[in-house]
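Here is a brief structural report. Please read it alongside the coordinates.

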Amino acid sequence: DVCSSDLVRVQGLRRYYALRLYRDGTVALVKALDGDRVLASRKVGIEFGKSYRFAVQVKGDRLIASLQGESLFDVQDPDATLTGGGIGILCEEGRLALEGVSVAP
């Protein structure tokens, strides 16, 4: 089950890149476009109820993601069709509290 996601290059409800945190402790970088495609994933130790800092950086076809300041993924999307868009936060199950969201060039 997906707990929460940071979304970048959002172009609609089913068109975006997401850094997703799953209940089983998996963090995945996902491209949602005509279905979901996992670009990278790995298990991390998480504690429910604890705060986590997510970061996703996009540069052209490159996506860089971190959790708690620790680098998780640095991948290229060879089919970089999502070249622009908004940002978002998604909580599919449970609760979510935010201290802040920042966007920088």
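The sections below go from the overall fold to the charges and then to single residues.

## Fold and overall dimensions

This is a predicted model. The protein has zero helices and eight strands. Read from the N terminus, the order of elements is β-β-β-β-β-β-β-β.

The chain has 105 residues, and a compact globule of that length would have a radius of gyration near 13 Å. The protein has 13 Å, so the value agrees with the globule rule. Along the principal axes, the C-alpha atoms fill a box of roughly 35 × 30 × 20 Å.

## Burial, surface and contacts

Of the 105 residues, 36% count as buried. The exposed surface comes to about 6500 Å². Carbon and sulfur atoms supply 48% of that area.

Sequence separation gives another view of the fold. Take the contacts between residues at least 6 apart in sequence: 42% of them join residues at least 24 apart.

## Charge balance

The protein carries 14 positive and 14 negative charges. The mean positions of the two sets are 3 Å apart.

Side chains of opposite charge can pair when their charged atoms come close. In this structure there are seven salt bridges. Four residues, K31, R37, D77 and D79, are linked in a network of salt bridges.

## The network around K31

K31 forms a salt bridge with D77, and their closest N and O atoms are 2.8 Å apart. K31 lies in strand 3, residues 26-32. D77 sits in the loop between strand 7 (70-76) and strand 8 (86-91). The pair therefore ties together parts that are 46 residues apart in sequence.

How accessible are the two partners, K31 and D77? K31 has a relative accessible area of 3%, so it counts as buried, the cut-off being under 20%. D77 is buried too, at 0% relative accessibility.

K31 also meets D79 in a salt bridge, at 3.9 Å from N to O. D79 lies in the loop between strand 7 and strand 8, whereas K31 is in strand 3, so this pair ties together parts that are 48 residues apart in sequence. D79 is partly exposed, with 42% relative accessibility. K31, in contrast, is buried.

## The R42 and E70 pair

R42 and E70 form a salt bridge, with 3.0 Å between the closest N and O atoms. R42 belongs to strand 4 (residues 36-43) and E70 to strand 7, so the pair ties together parts that are 28 residues apart in sequence.

Both ends of this bridge are partly exposed. R42 has a relative accessibility of 32%. E70 has a relative accessible area of 45%.

## Surroundings of D77

What does D77 touch, apart from residues up to four places away in sequence? The list is Y17, K31, R37, D61 and L63. Two of these names, K31 and R37, also appear with D77 in the salt-bridge network.

D77 is found in the loop between strand 7 and strand 8. Its relative accessible area is 0%, so D77 is buried.

## S5 in strand 1

S5 is found in strand 1, residues 2-12. At 1% relative accessibility, S5 counts as buried.

Where do the contacts of S5 lie, once its neighbours within four places in sequence are left aside? One run of partners is A18, L19 and R20. The others are G88, I89 and L90. This second run falls within strand 8, which spans residues 86-91.

## G86 in strand 8

G86 lies in strand 8. With a relative accessible area of 30%, G86 is partly exposed.

Which residues does G86 touch, not counting those up to four places away in sequence? They are L7, V8, R9 and V10. These positions fall within strand 1, residues 2-12. V10 and G86 are 76 residues apart along the chain, yet their C-alpha atoms are separated by 4.7 Å.

Terms used. Residues are numbered from 1 along each chain as its sequence is written. This is a predicted model: local features need pLDDT of at least 70, side-chain atom pairs count only at pLDDT 80 or more; totals for chains, interfaces and linings use all residues. Side-chain values use heavy atoms; hydrogens and water are left out. Helices (H or I, at least four residues) and strands (E, at least two) are DSSP runs, numbered from the N terminus. The radius of gyration is taken over C-alpha atoms; the globule rule is 2.2 Å times the number of residues to the power 0.38. Buried means under 20% relative accessible area, exposed over 50%, partly exposed in between (1.4 Å probe, protein chains only). Contact means heavy atoms within 4.5 Å. Accessible areas come from the Shrake-Rupley method with a 1.4 Å probe; for residues, only the protein chains shown count as cover. Lys and Arg count as positive and Asp and Glu as negative; His and the chain ends are not counted. The place of a charge is taken as NZ of Lys, CZ of Arg, CG of Asp or CD of Glu. A salt bridge is a side-chain nitrogen of Lys or Arg within 4 Å of a carboxyl oxygen of Asp or Glu.
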